[in-house]
Each structure stands twice: as C-alpha cells, then as structure tokens.
Amino acid sequence: MMRSEIDVITPQNLDEALAILHGTPNGLRIVAGGSDVIVQLRDGVIRPQKLLNILSLKELRFVRKRDGRIHIGALSTYHDITTSPLTRDYAWPLVDASSQIGAVQLQNTATLGGNLGNASPAGDTLPPLYALDAIVVARNKSEAREIPIEQFYVSYRKTALKPDELIAEVHFKELGNDDRGAYRKLGLREANAISIVDVATVLRGRDSEGAFREARVTLGAVAPTIRRSRACEQALSQKPITREILKSASRLATNDAVPIDDIRGSAKYRKEVVASLVYEALEEAVFG
Amino acid sequence: MSFKLNGEHVTVKCPPAYTLLEVLREELHVTGPKEDCAKGECGACTVIKDGAPVCSCLILVSQAEGSEIITSEGLIKDGKLNPVQEAFIEKGAVQCGHCIPGMIVSASALLMRNPNPSVNEIRTALSGNLCRCTGYSKIITAVQEAAKSWKQ
C-alpha cells in the first residue's frame, strides 16, 4: 500500500484507542512519537493499511511515584524522563540512558513506549529497565496485564504484546538510599548514535559492610534481546566489594554477550567493550 | 488538516500519513526546512512545534493537527531577521547554507528557553544538526553573539 493511501486514525482518549484495537488489528499499526515507525514506513519495512496515532493520549503521559514504585506512562518522551525530578531522584540509570538517545529534536518527540514496542536490541532504555526489574503494563479493552520485562521480549524484535493490546506504562521499585546504579553507552558520537554496546547496573540493599543484597547487570546491543549477566551478578555478592572483584566480575559478563558483526562494530570488539563498560558502570555505582 | 504555521492558521488537504515536512515543502511551499536524511539524524528539517524543536521528517502531518509550528521563515518579524539570523550573517556562519535553516531554528528554540546559554548548552542544543561543510565553530560563535541581543 502506498503511503498516500494509508489511513491515520487519531483516537481522542484511551478507551477509544482500545476499542479500535479490539475491532481492527489487521493491518493496523500503532504510531506514537513516530521516530521508528515513520522511518520503517518510508523504507517499506512495514506496510500497514492504517495507523493508530496515539500520540495525543494524555492519559499515557505521566511520571508518578506510588507506594515506593515509579510509574512512567508509555507516551512520556525522553525529555519528560530526563527532566522529571522523580526519575532523576529514583531512577537515574534510566535518565542517563534517555538523555543519550538521539539529540534534542528526538528527545522532544520519541516515547518510552515506542522504544519498548520497537523492540530493538539496541533500544537504550531497555538495559536500565531490565536492571530495574521493570514491569510492562499492556492493556486491551477489558484488562491490564502486568508482564515482567524479561518475559515481555520473546525473541529478536518480538514482544509478548497481543494484537489488541498497547503498552500503557512501565513501573519499577524506586532506587533508594541504599541502592546504586549506573548506565554506560558506547556510540560512534555523543548525539544521534545507535549503541555499539550499552550496559546498566543496579545494586540494591547496601549493608553496613558495603555489600549489596542483589545485583543486576544488563547488556544491550550484544544479543537478539537484552541480556542479564547472572554470572557477573553472582560475583558481586562477595564482600567486601573491591575494584578487583568488580574487574573480575565484569570479565564474566563477556560470556553473556553473543553479539554479531555489523556496521557499528565487530562481534569481537563488542565483547571487549562489554567488559570495559560493565566495569565502568559498576565502578561508578559502587565507588562513584 | 489544520494547524498554526508561522502565526497563521492553515488548512491543507493531504494524505494523513505524509510527514509534516512533506506537507510544509510540497503543499504549503515553505522550503526553509530541508529533507536530507529523513531519519531524524541530520536536523535539516527542524521546526519548532509547540515551543520545542523537533524533526518535521519524523512527524505525521496528522500529528501536527492543532499544533503551532514555526519554521525559519516564521522567525522573521515585520521583515526583520531575528538575532540568530542576523548573527549568522554577521559572523559568517554560513557556507553552503543547506543546514542553516535547521541550525537557526534549533538555536532560536534554545534562546527562547534559555537566553544565556553556555557554550556546552549551545553545543548540546545543536548536536542534532549536522553541517557537512563542518563550519561548526562559527555557528557556535554566531549563537553566542545572538544571545547578547536576544530579547525574551
């Protein structure tokens, strides 16, 4: 179908959007900020008959804190996430990732839900959301489904989202006083660069001896989906935690990277970069 | 489809899945914004939408419905160039000129929000605008100059 023939439906509220999704999912594609979908449309990667333009659904644009959890609406832009005091205080690895996506123009339009739905293994908000144990909330006409982010991604660019569902929000436990975290990205330049590798770390529950109750180390752009390095996470339970431990733990993360060669970097290079970035992120989180 | 363009209400009949940029250039003949990469990487198509700089190549015209759009043309008031436009001429910040409307729109959007930016803030604000003549230093100088005479 030619782009000039594609119909664009703009619902006025969430209920209307969900009713449309319920009735006509065939050939229908959701578009939010548009930064991925419009490029895919023009490249012919997707050929929908109709676009469901949800950008103006204000109900899905919010950052809130409730019962110790941060809730972010799917239509929050990277600018919203970068500037919200709630995310800055309680979810800074996600802020660091969001602030490095694209440049000013993209940050004003591109949305968190779009990054989740596009399901690129190089989606920069995904490693921090994995490290934060985020829950993705999918909604259809009759119910909301809470999906742990690790289960939300099924395989390369494939999510657990059903045709009648849309991503409504994500939520996760806030980072508190005893929690640490950091994000690191390597791109070819600072702005508008797709990640060669990016990593996030979240360490929760620091005790009096400086050890952490639990650790998350997550790797982006090195596998069909985001990977957790459980071996690295386990190595971080030793105490006292030293730079030597961080160094050997970050080497373990290379085994969980199964990258490909592509235009941005070779597989071999990416594996080396994983160890460096994980070390930097852990060093910042623990000693920074 | 209707929105406010450079202070005037416009209504245009066009396919709803066209980008705002296509409609600006091809239907409304507003040619300040340019199409280069069509992927949101070069910034040549930058316009101000409801106060924020955005890539008009990555917005459906349907998504601009009811919004307020400013292009480089709209920065001219009563036939007078705005301080950024003046400073680009004054400081010789223009080489081939192709990226300049996008640069000027991004820089003006910055000064609208922050009339006294640091060099780093200027660099960040322009990091989504590529100049393939690589004339960046005079562009930065021009924005600094414009900030001196910018009135909020």
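Helix α2 of chain B, spanning residues 83-90, is a good place to start: its buried residues are B:Pro83, B:Val84, B:Gln85, B:Ala87 and B:Phe88. These buried residues pack against two other helices of chain B, α3 (100-113) and α5 (136-149). Just beyond the end of α2(B), the backbone of B:Gly92 adopts a positive phi of about 60°. Please keep in mind while you look around that this is a predicted model.

**The two domains of chain B**

Stepping back from the helix, chain B splits into domain 1, residues 2-71, and domain 2, residues 83-149. Their C-alpha centres are 21 Å apart. Where the two meet, 13 residues of domain 1 of chain B are in contact with ten residues of domain 2 of chain B. On the domain 1 side, strands β3 (46-49) and β4 (52-55) of chain B each contribute at least two of the touching residues. The largest share, three residues, belongs to β3(B). And what is the chemical character of this side of domain 1? Its residues divide into eight nonpolar, four polar and one charged.

**Strands in chain A**

Now over to chain A, where three strands make an open sheet in the order β1-β3-β2, with parallel pairing. Why do β1 (7-9) and β2 (28-31) of chain A each have one side without a neighbour in the sheet? Both stand at the edges and have a single partner strand each, so one side of each is left without a neighbour. On average, and ignoring direction, neighbouring strands in this sheet are turned by 30° against each other.

A second pairing in chain A involves β4 and β5, which run antiparallel. As a reminder, strands of a sheet pair through backbone hydrogen bonds, either parallel or antiparallel. Here are two pairings of chain A side by side:

| Strand pair | Bridges | Direction |
|---|---|---|
| β2(A) and β3(A) (residues 50-53) | four bridges | parallel |
| β4(A) (residues 63-66) and β5(A) (residues 69-73) | four bridges | antiparallel |

If you would like to find individual residues in these pairs, look for A:Arg29, which stands opposite A:Leu51 in β3(A). In the antiparallel pair, A:Lys65 has A:Ile70 of β5(A) as its bridge partner. The strands β4(A) and β5(A) form a hairpin with two residues between them, and A:Asp67 takes a positive phi near 50° there.

Technical notes
Residues are numbered from 1 along each chain as its sequence is written. Chains are lettered from A and ligands numbered from 1 in the order in which they are written. This is a predicted model: local features need pLDDT of at least 70, side-chain atom pairs count only at pLDDT 80 or more; totals for chains, interfaces and linings use all residues. Domain bounds come from an automatic or database domain assignment. Two residues are in contact if their C-beta atoms, placed from the backbone, lie within 7 Å. Ala, Val, Leu, Ile, Met, Phe, Trp, Tyr, Cys and Pro count as nonpolar, Asp, Glu, Lys and Arg as charged, and the others, Gly among them, as polar. Two strands pair if DSSP finds at least two bridges between them. A residue is buried if 20 or more other C-beta atoms lie within 10 Å of its own, exposed if 12 or fewer, and partly exposed in between; C-beta atoms are placed from the backbone. Axes are lines fitted to C-alpha atoms, for helices over the stretch in contact, and angles run from 0 to 180 degrees between N-to-C directions.
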